[in-house]
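Biologist: I'm new to reading structures, and I'd love a close look at a single part of this one. Could you pick a place where two helices meet and walk me through it?

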Amino acid sequence: MQIEDDEILQGFIEESLEHLADIENDLLAIEENGADIDEDLVNKVFRAAHSIKGGAGFMGLTVIQDLSHVMENVLGLIRSGKLVPTPEIINVLLQASDKLNTMIEDVNNSNEYDIEEHLVPLNAIYDGDLPQTSAPTATEKPEEAETAETAETAETVSMSTPEAIIAEEAVSAPDPDPTPEPEPEPEPGLVQSTEPVVHAPTPAAPAPKPAPTPKPSSPSAPKKSAAKVKVDTSIRVHVSLLDSLMTLAGELVLSRNQLLQTISSGDTINAESVGQRIDLITSELQEAIMLTRMQPIGNVFGKFPRVVRDLSSKLNKTIDLTIVGKDVELDKTIIESINDPLTHLVRNSVDHGIELPEERTKVGKSPKGLVILKAYHAAGQVVIEISDDGKGLDGEVLAEAAINKGLITPEQAQLMSEKEKVNLILLPGFSTAKEVTDVSGRGVGMDVVKTNLDQLGGQVDIISEVGQGTTISIKLPLTLAIIPCQIIMTGGERYAIPQVNLEELLRIPANQVKNRIERVGNAEVVRLRGNLLPLIRLADVLNIERTYYDLSDEEFKADRRERIADRRGKETPLDTREEKALQAEKDAIEAERKLDDRRHTASSALNIVVVSNGSMKYGLIVDKLQDSEEIVIKPLGKHLQGCKGYAGATIMGDGRIALILDVTNLAIMADLTSMDGSDRASEIALAAEELVKAQKDKQALLTFRSSEKEQFAVPLNQVERIEKIKRSDIEELGGKRVMQYRGGSLSLIAVDDVAMVQPIADTDDLLVIVFNIANQIVGLLAIGPIDAIEISVSVDDVTLKQPGIMGSTIIDGQTTMLIDIYEIVDVLFPEWFEDKEVFEVEDEGKVPTILIAEDSNFFRNQVKNYMTESGYDVIEGEDGAIAWELLQEHGDDITIVVTDIEMPNMDGFELTETIRKDSRFATIPIIALTTLAGEEDVAKGKAVGVDEYHIKLDKEKLMASVHHYVKQVH
Amino acid sequence: MENNDDTVNKNLVELSTFLVGDALCGMDILKIQEINKLIDMTTVPQAPSYVLGILNLRGQIITSIDLSKKLGLGETNLSHDPRNIIVNSKGEHIGLLVKKISDVVQANTDKFEPPPSNMGGIQGEFFTGVYKTEDKLIGILDVEKVLRLEERN
């Protein structure tokens with residue numbers, strides 16, 4: 001090979017590959033236009049083929065030259081309107097451009113390639129007027145296709161098979177040809193004039209002699225070598241961007257000079273401003289440099305029209321592909337590595353997702369399937385969605401298949417939500433295709449996709465509805481180089497957790513640790529909004545000594561707490577050895593103080609980082625949470641490659657290194673994988689279920705104080721948010737207290753405005769608990785400490801009952817008054833509820849009667865009050881059985897049944913079931929009240945006939961729904 | 001940094017010598033990028049025991065290896081001001097922690113002798129030979145071998 005100048009060759013390769021990328025899409029566009037030829041487009045393709053030919057000739061790449069030459073010939077015919085671009089012709093051209101692509105990528109061996117299979121049909125098309133030349137090609141092709149197919153089964157499906165289709169259709173191919181028939185001569189002349197040197201020998205020679213024998217070996221052999229000859233890659237950057245980089249670099253140099261000057265002159269005042277300047281320039285420079293690496297995702301998307309076209313014709317499906325968001329830019333490395341996973345997903349959609357036209361018509365869909373590829377920005381990430389309107393994924397089928405394959409146990413499957421079941425497809429060794437096709441589904445599919453994307457820091461999510469289609473969305477970071485991370489500390493060292501993996505941060509105060517952390521076997525779990533979350537101690541996974549900070553307030557005396565806080569403040573970052581010594585000292589103190597409380601769980605608050613990697617979520621217990629920072633990932637040395645728990649390292653502001661945690665591998669190291677069917681996962685899941693059930697009749701309350709001595713509580717679900725304010729933020733206008741809040745005024749109230757309690761404490765730091773009542777927001781002034789707890793409420797609604805206070809209960813040994821926020825607001829702002837009065841019973845004589853079934857006196861009275869306030873009649877039953885008797889007794893009088901779920905004798909489900917079984921009450925509305933609306937409960941309720949679910953004490957929603965049903969019945 | 005090809009021609013090398021435990025070892029000075037004092041290190045839980053940690057050398061993350069431990073000569077005492085020899089191995093910078101840096105010795109490669117047979121075992125495999133000066137014996141360290149990864153299970 002006589003290639004001397006590497007640079008020129010490199011340039012040729014890049015340019016040609018660019019041309020080829022365009023050619024493909026342009027050819028498809030030409031095909032779509034059919035006889036209606038867009039001259040510009042054809043010209044463009046023609047020119048592309050031409051410049052490849054020219055370059056190849058110059059480089060001595062004769063085979064590339066020959067192939068591009070015959071392509072050019074055919075394109076010339078199309079350009080001059082002598083040839084109508086039928087799909088068959090385009091097919092041949094596409095295959096030829098594929099081959100060109102392969103050859104250019106493997107440029108050093110390109111002269112060894114056999115291009116006969118392309119030359120023959122191309123020349124046949126070119127000589128389309130001569131029936132004797134097109135006939136032999138038609139007969140030859142089948143055998144060619146067969147040999148090719150057997151040789152290149154796996155990777156070149158798209159190349160070999162459509163050829164077979166052409167062979168079959170070759171008979172029809174000549175029919176568009178008659179047009180060019182009359183004047184074939186001037187055409188070559190035209191081509192020749194543009195490129196006279198190489199024309200003569202090529203078209204004539206190879207055409208008549210098809211050589212099918214060498215084909216099986218030659219095209220596949222160089223293909224393998226192609227991979228290793230991958231040449232250095234380069235990237236095109238816009239000159240304006242380079243210019244701005246240059247300017248920034250200049251500025252940086254200037255600032256450096258300034259900095260050196262200020263340092264040598266000891267000018268501290270200027271140093272600060274120079275520092276700021278450098279800071280600014282650095283971030284601008286960073287941004288600009290990042291931009292040079294950004295490439296539009298269109299580079300990857302661009303090839304899919306072809307993929308979809310080839311595949312769908314092979315599978316006898318008709319599919320439209322819509323591409324949205326070609327311009328979305330991603331880092332070059334990401335663009336390069338999402339190619340394969342995306343191809344797989346698109347193929348999957350076409351092969352498994354979209355049904356055959358007949359099936360589609362049968363279920364009432366348009367016979368033409370639709371695949372949408374979409375890229376967009378969301379929350380600092382790029383989301384790529386591949387959706388199809390095909391048959392969708394059936395979670396049940398997937399679960400069953402997973403069970404049959406032994407990937408999960410039936411018990412686990414039972415506990416899975418529909419979404420989890422759909423996500424089973426990502427399990428290793430899972431293939432849903434009924435039969436393995438060569439298009440996709442070799443049993444290694446989706447899990448490979450997932451692994452690839454995991455490596456990129458991406459997340460896969462599948463949403464699917466049976467019969468409606470599937471949407472697979474992939475979230476990718478914009479760049480891999482710089483990522484936002486949460487910094488945490490454990491064992492005296494800092495670690496970074498990528499923000500993409502971060503779900504939330506959770507802090508469990510020391511006094512709740514006992515209640516909220518459960519032990520299942522040797523596994524720890526925490527209850528988080530009704531779900532149980534498995535916990536991992538980072539220190540345990542990394543096998544380092546457990547440490548913890550005692551910042552907890554209640555159990556220790558103030559002096560001790562301060563000492564520890566001081567010490568920590570001064571000595572971070574601590575050397576590990578010092579840390580250990582300190583820890584030992586700390587332990588000693590602790591042992592002295594509270595022998596029985598040395599168990600960490602009882603003595604200190606827990607900091608939990610809730611992380612997820614898409615398919616699984618767990619809590620990581622760490623010593624301390626720090627800031628979130630943007631970090632630059634640096635790889636770890638080879639000696640540390642065996643440490644799977646880290647994704648790399650980064651340098652922090654103080655120059656020390658922090659390790660970046662790999663959330664997925666940590667879970668594997670801790671033997672905690674929700675998807676791999678480990679015993680422990682199912683054990684936890686089962687235990688979780690039971691615990692949640694046991695917790696059912698609990699109420700989540702927010703406790704706070706108004707004066708120092710009195711503790712209050714409100715149901716947590718009524719609270720919108722809590723704000724910290726200063727007393728000076730409060731303005732008193734027109735006899736009312738307000739504060740500025742989100743661009744408006746927030747009315748402020750205090751418990752003592754209505755109830756006879758001690759006045760709000762006279763401190764500067766206040767809390768405002770924001771409620772949304774009757775579509776208005778109102779803030780309740782309070783002071784700390786505030787806390788969210790979950791308790792079985794046994795409310796005493798007699799002793800302390802007064803306006804604004806619904807009753808009292810004992811929380812942590814302290815009598816706590818439960819606030820009735822509706823009542824308080826009603827007293828202070830009666831006008832707010834005036835609109836609501838419309839709801840009220842517009843009774844002409846007969847007042848609707850509501851049957852309430854509830855075992856707790858407190859809740860029953862509350863609900864009863866809501867109802868009677870609105871003018872309804874109420875009949876109460878203490879449990880399901882009594883309610884049932886009452887219902888039979890009063891029968892027709894009762895308009896609506898409102899029932900609790902957890903009741904003795906007969907629970908809400910049974911009651912509903914019994915009611916529904918009786919034909920008299922088949923249509924009576926049933927509203928269920930619950931403290932914790934678990935998904936499975938809602939489903940169960942719906943199954944037995946509950947019309948609606950409401951959370952206890954959510955007065956507005958309950959009443960709205962009662963009104964709604966009353967109106968319906970009347 | 002790594003133009004050690006030139007020196008081979010002349011048969012003359014400069015050996016940087018240092019103490020690993022109590023053993024005097026040496027390596028071609030041209031393989032050394034720099035020698036540092038011990039700087040603040042970050043421990044890496046779960047790393048092989050001879051890896052002391054990772055450190056930040058002007059923005060590069062460097063794995064620091066306790067040479068003494070790697071050679072099976074016990075742990076280097078960190079409180080006696082040990083030094084980090086930064087070497088470049090296969091494109092990666094690695095720090096080798098040694099007890100003390102000693103002289104630079106000019107040596108003729110022809111005079112290198114094979115390691116004595118009683119220097120077998122774990123230490124022996126890391127030495128290419130010994131060099132005898134008037135009063136000392138220097139073990140010539142094969143850095144690449146030291147840094148080669150053991151097969152992991």
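**Where two helices meet**

Modeller: Happy to! Please keep in mind that this is a predicted model. Let's start with the residues themselves: on one side, Phe304(A), Val307(A), Val308(A), Leu311(A) and Ser312(A) of α14(A) are in contact with α15(A), where their partners are Thr343(A), Val346(A), Arg347(A), Val350(A) and Asp351(A). Sorted by class, the residues of this contact are 6 nonpolar, 2 polar and 2 charged. You can find the two helices in the sequence of chain A: α14 covers residues 304–314, and α15 covers residues 332–353. Their axes come within 10 Å of each other and cross at roughly 35 degrees. As for the handedness, the crossing of α14(A) with α15(A) is right-handed.

Now let's step back to the chain that holds this pair. Chain A has 970 residues, and 35% of them count as buried. Its secondary structure comes to 33 helices and 33 strands. Among contacts in chain A with a separation of 6 or more, 67% are between residues 24 or more positions apart.

Chain A also touches a neighbour, chain B, in a contact that takes 20 residues from each of the two chains. On the side of chain B, the strands β4 (51–57), β5 (60–66) and β7 (92–98) each supply at least two residues. The largest share there, 4 residues, comes from β4(B). By class, that side of chain B has 11 nonpolar, 6 polar and 3 charged residues.

Technical notes: Residues are numbered from 1 along each chain as its sequence is written. Chains are lettered from A and ligands numbered from 1 in the order in which they are written. This is a predicted model: local features need pLDDT of at least 70, side-chain atom pairs count only at pLDDT 80 or more; totals for chains, interfaces and linings use all residues. Axes are lines fitted to C-alpha atoms, for helices over the stretch in contact, and angles run from 0 to 180 degrees between N-to-C directions. A crossing is left-handed if the near helix is turned anticlockwise from the far one by less than a right angle, and right-handed if clockwise. Two residues are in contact if their C-beta atoms, placed from the backbone, lie within 7 Å. Ala, Val, Leu, Ile, Met, Phe, Trp, Tyr, Cys and Pro count as nonpolar, Asp, Glu, Lys and Arg as charged, and the others, Gly among them, as polar. A residue is buried if 20 or more other C-beta atoms lie within 10 Å of its own, exposed if 12 or fewer, and partly exposed in between; C-beta atoms are placed from the backbone.
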